[in-house]
Every structure is written in C-alpha cells, then in structure tokens.
Amino acid sequence: TNEVYAGSMRRRVVPSLGHVRLKDLTVSQVKAAAASWKGLKPQTVNLTLDRAATMFQSAVVEGLVASNPFALCPRFEYHRKPIDPFTPDELRRIIADRGRSMSGPLLALLAATGMRIGEGAALDVTDYDRGTGRLSISKTFSPSHGIGPPKSKNGRRVLALPPQARAVVEEAIGTRTAGVLFPSERGNPSNYARVSRHFREQLDALGIRRRVPHAMRHSCATFLVSQGVPLGDVAKWMGDSVQTIVSTYLHPSGADVGAAIGAMLTVSSSPS
C-alpha cells in the first residue's frame, strides 16, 4: 500500500503541486492539478485525490494546516462499470474443467469460494483441515512482495468449504503433507499474469465470454446476496466489510418485485 500511494504521488501530485508550500495549498490549486492529469480515467483521478487526502490529513493532525484541500476538492463524475458476473452454470463448468492447465485447480477454488486470487495462491497444504473441511486464510501473495498478511483484518478467516471446493483442495493435496497448495511448475505460488492467461484460454475453450479471474469473486458475492444470505455472513465469508458488500454487490437482480409485493398482500384462502 505504501508503494502504491507513493507511486501516485511521484507520478501526479508532486510534479503538479510539489512546488507549493503546505500552508499555501488551496482547493483551487488541487482542482487545477487534477484537471491537468491527462489520459487518466475519472475514477483514477478520484483515487489519486483520495490517496493524497489520506496522506495530507497528517498535516492537519499535526496542526501544520487548518484544512485538507485534497479532501475538499470536488471529485470527477463517472459511471461505475456494472458488475458482469458468471452464472452458476458457468462457475460449475469452470470447476469441472480444472484439469486443463496448471492453474486450473486454483481457478476452480476461486470459482467455488469467491476468494481473492492472492489468497488462493498463498495457501499451503497445512492451511486445510481434511477432517473438518475447513480452510484457513491468513496470508496473501503478490509477485512484488511474496507472501504477506492480508490487506485488512477482515481478510483473516476460516471457511467451511462446500463439497465442490473440498474436492478441488483434496485433489490438489493428494498425499502431500506440506508445501504450496497450488504450485507452479517450479513449486512456487502462481502469479496473477500466469493464472489470468490460463483463465482466458480456459474460457475460450469452454465458449464462455472472457472476464478476469476476479469476476468469480463478484459472482459468488452477488449470488450470496441475491439468495438472501445475511450481509454480515457474506462479508465474513468474502473477507470484506459489510459496507464494501453493500456498495459493491447490492444491485438489481431482475427479481419481479411487483409479484413479490402482490404475494405478500394476497389474503390466504386457508381456513383460520
């Protein structure tokens, strides 16, 4: 996170505002700088402003400035791209086709649980309890930093796996007692680029429209919400906050709301 924030500052904020003293920085200057970041999507500009606001808040806390011009700067309007989830049938086909590539078992687990790709790549054989079918998620993997802790405390959780996911994990373990659960050819955790390439090839072979692996996470969360699973339980399973679940996955599902209201208001004909 530090590197990501620092990168935003180096590439955008410092070149356009680095010459201004903290106490002299105004909202108008921040707004003009944001407008000068050409070639960026509005959501990227807003994200940069949010990161700068988080960092600048330290100056407010220390009493160096009275207000945070990055926080006060108006954000650029944009329409969030709607979620494009896989159907349950498509997820079942992805799970069944897990023997296609080295990444197939990891992709199948993502389809069966909705966990993040870094969480799946970081799993060890010892994270799974064969007796209970529970899988402990306590770390994540990135090519830049290797194995590390989850991004937030919500990421640490234990999942009671459904049968489909248990089958995937137990096949991947075989008779092993230690090691990376879903290793690459060299025995290391699989990186995102490699898994994504295998996923594109798999979707093409199955005749399923291409999406990124993270779309399987959207799919599982959206399905759980649409099935009426309590939001707190969905958040705990996904390793997110309830606020994130509401803002990301609570959207129209195409249900016939009028029919539902009609059924609720219909007088029962059964004897009292």
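Colleague: Which hand, left-handed or right-handed, does the crossing of H6 and H8 have?

Modeller: In this predicted model, helix H6 spans residues 104-113 and helix H8 spans residues 163-173, and the two pack with their axes 9 Å apart. The crossing that H6 and H8 make is left-handed.

Colleague: How are H6 and H8 directed relative to each other, roughly parallel or roughly antiparallel?

Modeller: The angle at which H6 and H8 pack is about 160°. Angles over 145 degrees fall in one class of orientation, and H6 and H8 are therefore roughly antiparallel.

Colleague: How many nonpolar residues are there in the contact of H6 with H8?

Modeller: From H6 the contact takes Pro 105, Ala 108, Leu 109, Ala 112 and Thr 113, and from H8 it takes Ala 165, Val 168 and Val 169. When these residues are divided by character, no charged residue appears and one is polar, while the number of nonpolar residues is seven.

Colleague: Is H6 largely enclosed by the rest of the structure or largely open, and how many of its residues are buried?

Modeller: The buried residues of H6 include Gly 104, Leu 106, Leu 107 and Leu 110, and also Ala 108 and Leu 109, and the latter two take part in the contact with H8 as well. H6 is largely enclosed by the rest of the structure, because the count of buried residues among its 10 is nine.

Colleague: Which residue just after H6 takes a positive phi?

Modeller: Helix H6 covers residues 104-113, and Thr 113 is among its buried residues. Just after the helix, a positive phi of about 80° is taken by Gly 114.

Colleague: Which strands are the edge strands of the open sheet?

Modeller: Three strands form the open sheet in the order S1-S2-S5, with antiparallel pairing. Two bridges join S1 to S2, and four bridges join S2 to S5. The strands that pair on one side only, and so lie at the edges, are S1 and S5.Colleague: What is the bridge partner of Ile 137 in S5?

Modeller: Strand S2 comprises residues 134-137 and runs antiparallel to S5, which comprises residues 157-160. In this pairing Arg 134 has Ala 160 as its bridge partner, while the bridge partner of Ile 137 is Arg 157.

Colleague: Which side chains of S2 point to one face and are buried?

Modeller: The side chains alternate along S2, and Arg 134 and Ser 136 point to the face where the side chains are not buried. Strand S5 also alternates, with Arg 157 and Leu 159 buried on one face and Val 158 and Ala 160 pointing to the other. In S2, the buried side chains that point to one face are those of Leu 135 and Ile 137.

Colleague: Which residue in the hairpin of S1 and S2 takes a positive phi?

Modeller: S1 and S2 run antiparallel, and Tyr 128 has Leu 135 as its bridge partner in S2. The hairpin has four residues between the strands, and the residue there with a positive phi near 75° is Gly 133.

Colleague: What percentage of the residues of the chain count as buried?

Modeller: The chain has 13 helices and five strands, and its C-alpha trace spans about 65 × 65 × 35 Å along the principal axes. Of its 272 residues, the share that counts as buried is 38%.

Note on methods:
Residues are numbered from 1 along each chain as its sequence is written. This is a predicted model: local features need pLDDT of at least 70, side-chain atom pairs count only at pLDDT 80 or more; totals for chains, interfaces and linings use all residues. Side-chain values use heavy atoms; hydrogens and water are left out. Buried means under 20% relative accessible area, exposed over 50%, partly exposed in between (1.4 Å probe, protein chains only). Two strands pair if DSSP finds at least two bridges between them. Axes are lines fitted to C-alpha atoms, for helices over the stretch in contact, and angles run from 0 to 180 degrees between N-to-C directions. Angles under 35 degrees count as roughly parallel, over 145 as roughly antiparallel, 65 to 115 as roughly perpendicular and the rest as oblique. A crossing is left-handed if the near helix is turned anticlockwise from the far one by less than a right angle, and right-handed if clockwise. Contact means heavy atoms within 4.5 Å. Ala, Val, Leu, Ile, Met, Phe, Trp, Tyr, Cys and Pro count as nonpolar, Asp, Glu, Lys and Arg as charged, and the others, Gly among them, as polar.
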